[in-house]
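Visitor: Got a minute to walk me through this one? I'd like to poke at the sheets, the loops and whatever else turns up.

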Amino acid sequence: MKTIRRELNIVPESFMSVAKYLPSDTYAVFDIETTGLSASFSTVILSGFVLVSNGKAELIQYFAETPMEEKDLLMASSELISSVSYLVTYNGKYFDVPFINKRCARYGIEIKTPFNLDLYNIFKYYSPLGKILPKLGQKDLEEYAGISGLRQDKINGEISIDLYENYQFNRSPELEKQILLHNSDDVEQLLRLMALIKNCDMDRAFFKSGFPIDGGLITDMALKGQDLIIRGLSHNPVEYIGFPSSENPLLIYAHKSDGTFEITAPCETKEKSVYLDLLPLIDSSNSPATNAAYAESQPGGLEKEYAQLINCAGFVNNYLILKEDGTPRYSEINALAKYLANITLKEITN
């Protein structure tokens, strides 16, 4: 297996709309090349990353010179993937991530896949691009963004498979160069395409996709009637049931068997608006799961999350507006879900 590392002269952009959900600046843009579309019958021949850390970008590629080196490639890739806070992919939700997870499972390789920020899904559903462009292939977006001239490779994934098959017979340096270039251009260009995030509704995107929290992952949120329902996965599963009381208005379920949890916060409604009184949550001295003083007493605390909550535009006179005139306020919903889930998991897993 060959390892290629090269510092890139690309300055990664930072986006507040992403940072409030994914605060770490250590992430990896990720793309794989395979011998086919089925993870059951095909192998990974090349994994490419742009590792972003401390404002710098480094290209890292693991290349299997023969299919027999796939296990070495997967071990190196899984180690890097498991070390970052999140991945950035293009349609990686449906291809790259499940493909490499299945191949790792085949060899018994442990891989801890972090949150996946799939730009294809974001650009398609949470930006105007889905209506502007007839196709949303990565190269179509590069053309739209005016960066297509920075791409040097002239092939696609299908041709890369053919080149790799030929490479098995002659080990041509030129063929290897073309395969590596196709992959490196994909991840480098994808890093540049992150600039389009500024035109996306990221609050709505994270409401739909969920996002990581200190003790796990929020997977689903919903406003149903007079309730805000928050579902997720805990890194430290426990069995727990907490029923609403005068001290604590939350209904909490947590399951040790699968790590899932569910929090129901009662809201108030008026006409087409939904809002939540924060005072019962903040002032419940007998409810550490909703007590701001408890949060502030913790190492590292949750002061930042609480500050985000009360600094929301929808915070008025100790009420947080979650839906206004029938329109959900996704930033407020997400901030509240993050705050309640973080504090709840801290309490029930201690």
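Visitor: Which helix lies across S7 and S8, and at about what angle to S8 does it run?

Guide: Bear in mind that this is a predicted model. The helix is H9, residues 202–209, and it runs at about 100° to S8.

Visitor: And which strands does H13 lie across?

Guide: Helix H13, residues 330–348, lies across S7, S8, S9, S10, S11 and S12. Its angle to S8 is about 125°.

Visitor: OK, what's the strand order in that open sheet, and how do the strands pair?

Guide: Six strands line up as S7-S8-S9-S12-S11-S10, and the pairing is antiparallel. S7 (211–213) and S10 (240–242) each have a single partner strand, so one side of each has no neighbour in the sheet. From one strand to the next, the twist averages 20°.

Visitor: How many bridges join S8 to S9?

Guide: Eight, between S8 (residues 216–224) and S9 (residues 227–234), with the two running antiparallel. To pick out one pair, Leu217 has Leu233 in S9 as its bridge partner.

Visitor: What about S11, which of its side chains are buried?

Guide: The side chains alternate along that strand. Ile252 and Ala254 point to one face and are buried, whereas Leu251 and Tyr253 point to the other face and are not.

Visitor: Who do those residues sit opposite? Start with Ile252.

Guide: Ile252 stands opposite Ile263 in S12. S11 and S12 are joined by four bridges and run antiparallel. On the S10 side, Tyr253 is the bridge partner of Ile241, and S10 pairs with S11 in the antiparallel sense over three bridges.

Visitor: Which residue takes a positive phi in the hairpin of S11 and S12?

Guide: That's Gly259, with a phi near 80°. The hairpin has five residues between the strands. Gly259 also turns up in the lining of the largest cavity.

Visitor: Oh, cavities. How many of 30 Å³ or more does the structure hold?

Guide: One. The space in the largest cavity comes to about 40 Å³.

Visitor: What lines it, and how does the lining divide into nonpolar, polar and charged?

Guide: Besides Gly259, the lining includes Ser234, Asn236, His255, Leu345 and Ile348. The split is five nonpolar, six polar and no charged residues. Ala254, a buried residue of S11, is part of the lining too.

Visitor: Switching over to the other sheet. What's the order with S1 in it?

Guide: S1-S4-S3-S2-S5-S6, an open sheet of six strands with mixed pairing. S1 (2–7) and S6 (115–118) are at the edges with a single partner strand each, so each has one side left without a neighbour in the sheet. The average twist there is 25° from one strand to the next.

Visitor: Mixed how? Which way do S2 and S3 run, and S2 and S5?

Guide: S2 and S3 run antiparallel, joined by eight bridges. S2 and S5 run parallel, with three bridges between them. Ala28 shows both sides of this: it stands opposite Leu51 in S3 and opposite Leu87 in S5. Moving on towards the edge, S5 and S6 run parallel with four bridges, and Thr89 stands opposite Asp118 in S6.

Visitor: Is S2 mostly covered or uncovered?

Guide: Mostly covered: eight of the eight residues in S2 (27–34) are buried. That holds on both faces, with Tyr27, Val29, Asp31 and Glu33 on one side and Ala28, Phe30, Ile32 and Thr34 on the other.

Visitor: Interesting. Now backbone oddities: which residues have a positive phi without being a glycine?

Guide: Arg171 has one of about 50°, and Asn318 has one of about 70°. For background, most residues other than glycine have a negative phi.

Visitor: Where do those two sit, and are they buried or exposed?

Guide: Arg171 is in the loop between H7 and H8. Its relative accessibility is 34%, so Arg171 counts as partly exposed. Asn318 is in the loop between S15 (315–316) and S16 (319–324), and is partly exposed at 33%.

Visitor: Last one: how far apart are Asn156 and Glu347?

Guide: C-alpha to C-alpha they are 50 Å apart in space, and 191 residues apart in sequence. Asn156 lies in the loop between H6 and H7, partly exposed with a relative accessible area of 36%.

Terms used
Residues are numbered from 1 along each chain as its sequence is written. Side-chain values use heavy atoms; hydrogens and water are left out. Buried means under 20% relative accessible area, exposed over 50%, partly exposed in between (1.4 Å probe, protein chains only). Two strands pair if DSSP finds at least two bridges between them. On a 1 Å grid over the protein atoms alone, a cavity is a set of points where a 1.4 Å probe fits but cannot get out, and a pocket is an open set with protein on both sides within 12 Å along at least five of seven lines; lining residues have an atom within 4 Å of a point. Grid points are joined across faces, edges and corners, and a volume is the space filled by probe spheres set on the points. Ala, Val, Leu, Ile, Met, Phe, Trp, Tyr, Cys and Pro count as nonpolar, Asp, Glu, Lys and Arg as charged, and the others, Gly among them, as polar. Axes are lines fitted to C-alpha atoms, for helices over the stretch in contact, and angles run from 0 to 180 degrees between N-to-C directions. Contact means heavy atoms within 4.5 Å.
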